[in-house]
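User: Please take a close look at one part of this model, going slowly and explaining each term when it first comes up.

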Amino acid sequence: MRQYLVKEMFGPTLQGEGAHAGRPCVFLRFAACNLACTWCDTDFAPEGAQRYSADEIVAKLVELDRQRARMVVVTGGEPTLQWDAPLADALHAAGFRIHMESNGTRTLAAPVDWLTVSPKPRFHPPSIALVELAVSEVKVVIDDSVDEHTLDGYTRRYRSEHYFAQPCMDDHYPHHLARTLALVQARPAWRLSLQLHKILGVP
Ligand code: SF4
């Protein structure tokens, strides 16, 4: 039976970002990523991760989902590295709506109900590129490498109703927030996304 390397499963909590910010959910975080963004704030290292079958993952998420919100945010690391049809089917059979957050460099081995792509091409090694995907929302982390041309390029690349600009929460957060506000105010297609879970201290 296939085993998945899982960094953590937790909840109940709230989705903190994007169009579904504020919705109750549980989280499934896979270990491992194919990028190494310098400002990455997520621990996805294999150390401390555990292997679970699809049935074990579903059982744990059902146990965590005490409010029966039945929404799971599947993230990482890069979740597409391990995502497959048996796990998608098992989660759907348990009634979960599947929201995935990907860096957009890999196609999905099985469909999800909501796909957030957060492209970070400046961190791509030569062997990795963005791929064609049908996305539900685009979320771009704003640091000094991102400008109006970057955002306009993403609106041309991805057809979506939801484009989010999210200030990078590094040591220069006030600077990134000011730039994000200026970028969004000049681009009606784009909206501000804040990391609500960090602001509220929700795990
Ligand atoms: S793609 Fe996401 S999880 Fe992977 S290194 Fe970059 S920010 Fe971290």
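Analyst: On a 1 Å grid over the protein atoms alone, a pocket is an open set of points where a 1.4 Å probe fits, with protein on both sides within 12 Å along at least five of seven lines. A molecule sits in such a pocket if more than half of its atoms lie within 2 Å of the grid points. In this predicted model, whose local features need pLDDT of at least 70 and whose side-chain atom pairs need 80 or more, while totals for chains, interfaces and linings use all residues, the ligand takes up the largest pocket. Residues are numbered from 1 along each chain as its sequence is written, and side-chain values rest on heavy atoms, without hydrogens or water.

Around the ligand, each with a heavy atom within 4 Å of it, stand Cys 33, Leu 35, Ala 36, Cys 37, Trp 39, Cys 40, Phe 44, Gly 77, Asn 103 and Lys 120. By class, this shell holds seven nonpolar, two polar and one charged residue, where Ala, Val, Leu, Ile, Met, Phe, Trp, Tyr, Cys and Pro count as nonpolar, Asp, Glu, Lys and Arg as charged, and the others, Gly among them, as polar.

One member of the shell, Gly 77, deserves a second look, since the peptide bond leading to it from Gly 76 is cis, with omega near 10°. Gly 77 belongs to the loop between strand 4 (71-75) and helix 2, helices (H or I, at least four residues) and strands (E, at least two) being DSSP runs numbered from the N terminus. Following the chain to helix 2, we find Pro 86, Leu 87, Ala 90 and Leu 91 meeting Ala 54, Ile 57, Val 58 and Leu 61 of helix 1, with heavy atoms within 4.5 Å. That contact has eight nonpolar residues, and no polar or charged ones.

Technical notes
On a 1 Å grid over the protein atoms alone, a cavity is a set of points where a 1.4 Å probe fits but cannot get out, and a pocket is an open set with protein on both sides within 12 Å along at least five of seven lines; lining residues have an atom within 4 Å of a point.
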